[in-house]
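Visitor: I should like to learn how to read a few features of a structural model. Could we begin once it is displayed?

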Amino acid sequence: MRVSAVVVTFNRLGLLTRLLDRLAETPGLDEVLVVDNASTDGTRDWLAARAAAHADVHVRTLTTNTGGAGGFHEGLGWAVERGADLVWLMDDDGLPDVDCLPTLLRHADDLDFWGPVVVDEEHPDELVFPIRLPGGVRVAHRVDEVTAAATDGVLPGVVIPFNGVLVTRALVEEIGLPREEFFIWGDDHEYRLRAERAGGRVATLPTARVRHPSVGELGTPMMFGRTTYNHSPSDLKAYCMARNNTVNLRDYKGWPHVAAFWVKTVWFYLFTRPRPARIALSARAALAGLRGDFTGHRRFLAGG
């Protein structure tokens, strides 16, 4: 099998450097495809030099910042065009363990869309992105909780894209590419939902690890600890989250789930983190998404 890594980057040259160094020593990888979202921090020149010195590194520099959604749309399509049988997708801020890919590849015959646990690089026993365990409402925050819930080292029905996930060429050809208009936040979740709807075999392997910087208040407890909310101090991220999550819930879960999300949003910004202006911003974003308008995030790009 031909395995291609797709890395999407924007203005994180320091993190990108360590990631490409790690990929260079990762067994089982045939090539690295880097999509640069019009970085302005010297990334373009550094990547040109890196590609000149490493025949297995290839670079596409986009003319504008298309966000993670646009970057993975571009990169995944590029990998398939180049003949990849498996595509390993990751942002520039993750750092897979050296044995991460070999561990994932052991399940190449029985899974279609699967990945590692994403752990806090400062506290590797803790998850950066909490995982809702199958069959209930319990949310795992630690690696040992995921390990305990797994069967024979596999936690089915759960994956955290696009942080070191593998996707098969066959699945991409069946379901298409990520929704580039989402820009950020929710494009990865939508792709997982699309994969599941198509019958794709989805899973997380607790023994495969990607290390990641802390993301702060993602998964903030609310409603007396009964649930969590993905709060971000960035208006850009909050806008995209409210818009894209509303659309995803409508398309894949139905209007009762949309209503529940909005109860949580209003509660969170009235009581948990009082910020009424964020309710108005989120409402504008959701209405725009329901109308099919995915341009509103652009107003936040300069300061986002």
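Visitor: Is leucine 270 buried, partly exposed or exposed?

Guide: This is a predicted model. Burial is read from relative accessible area, and the partly exposed class lies between 20% and 50%. Leucine 270 has a relative accessible area of 41%, so this residue is classed as partly exposed.

Visitor: Where is leucine 270 placed, and which residues make the nonpolar surface patch?

Guide: Leucine 270 belongs to helix H9, which spans residues 255-272. An α-helix has 3.6 residues a turn, so residues three or four places apart point the same way. In this model, Val266, Leu270 and Phe271 make a nonpolar surface patch of about 270 Å².

Visitor: How should one read the packing of a helix such as H7, and which of its residues are buried?

Guide: One lists the buried residues and then asks what they pack against. For helix H7, residues 187-197, the buried set consists of Asp187, Glu190, Tyr191, Arg192, Leu193, Arg194 and Ala195. These residues pack against helices H3 (67-81), H6 (169-175) and H8 (235-252), and against strands S6 (113-120) and S11 (202-212). Just after H7, glycine 199 adopts a positive phi of about 85 degrees.

Visitor: Which strands pair with S11, and in which sense, parallel or antiparallel?

Guide: For each partner, one reads the sense and the number of bridges. S6 runs parallel to S11 over eight bridges, and within that strand's pairings valine 119 stands opposite arginine 211 of S11. Strand S5, residues 95-96, is antiparallel to S11 over two bridges, with proline 96 opposite valine 210. Strand S9, residues 155-156, also pairs with S11 in the antiparallel sense over two bridges; there, proline 156 has alanine 203 as its bridge partner.

Visitor: How many residues of S11 are buried?

Guide: Eight of the eleven residues of S11 are buried, which leaves the strand mostly covered.

Visitor: How many residues has the largest nonpolar core, and which elements supply it?

Guide: A core is read from its members, their contacts and the elements that supply them. The largest nonpolar core has 27 residues, and Leu23, Trp88 and Trp114 have the most contacts inside it. At least two residues of this core come from each of strand S1 (3-9), helix H1 (13-24), strand S2 (31-36), strand S4 (86-91), helix H4 (100-105) and S11. Another core, of 24 residues, lies apart from it and includes Leu62, Ala79, Val159 and Leu171.

Terms used:
Residues numbered from 1 in each chain as written. Predicted model: local features only at pLDDT ≥ 70, side-chain atom pairs only at ≥ 80, totals over all residues. Heavy atoms only, no water. Buried < 20%, exposed > 50% of the residue type's maximum accessible area, 1.4 Å probe, protein only. Helix = DSSP H or I, 4+ residues; strand = E, 2+ residues; numbered from the N terminus. Contact = heavy atoms within 4.5 Å. Patch = residues over 30% accessible without salt bridge, like charges linked within 9 Å, V, L, I, M, F, W, Y side chains within 5 Å. Areas by Shrake-Rupley, 256 points an atom, 1.4 Å probe, with all protein chains shown as cover. Salt bridge = Lys/Arg side-chain N within 4 Å of Asp/Glu carboxyl O. Pairing = 2+ DSSP bridges. Core = buried A, V, L, I, M, F, W, Y, C linked by side-chain atoms within 4.5 Å.
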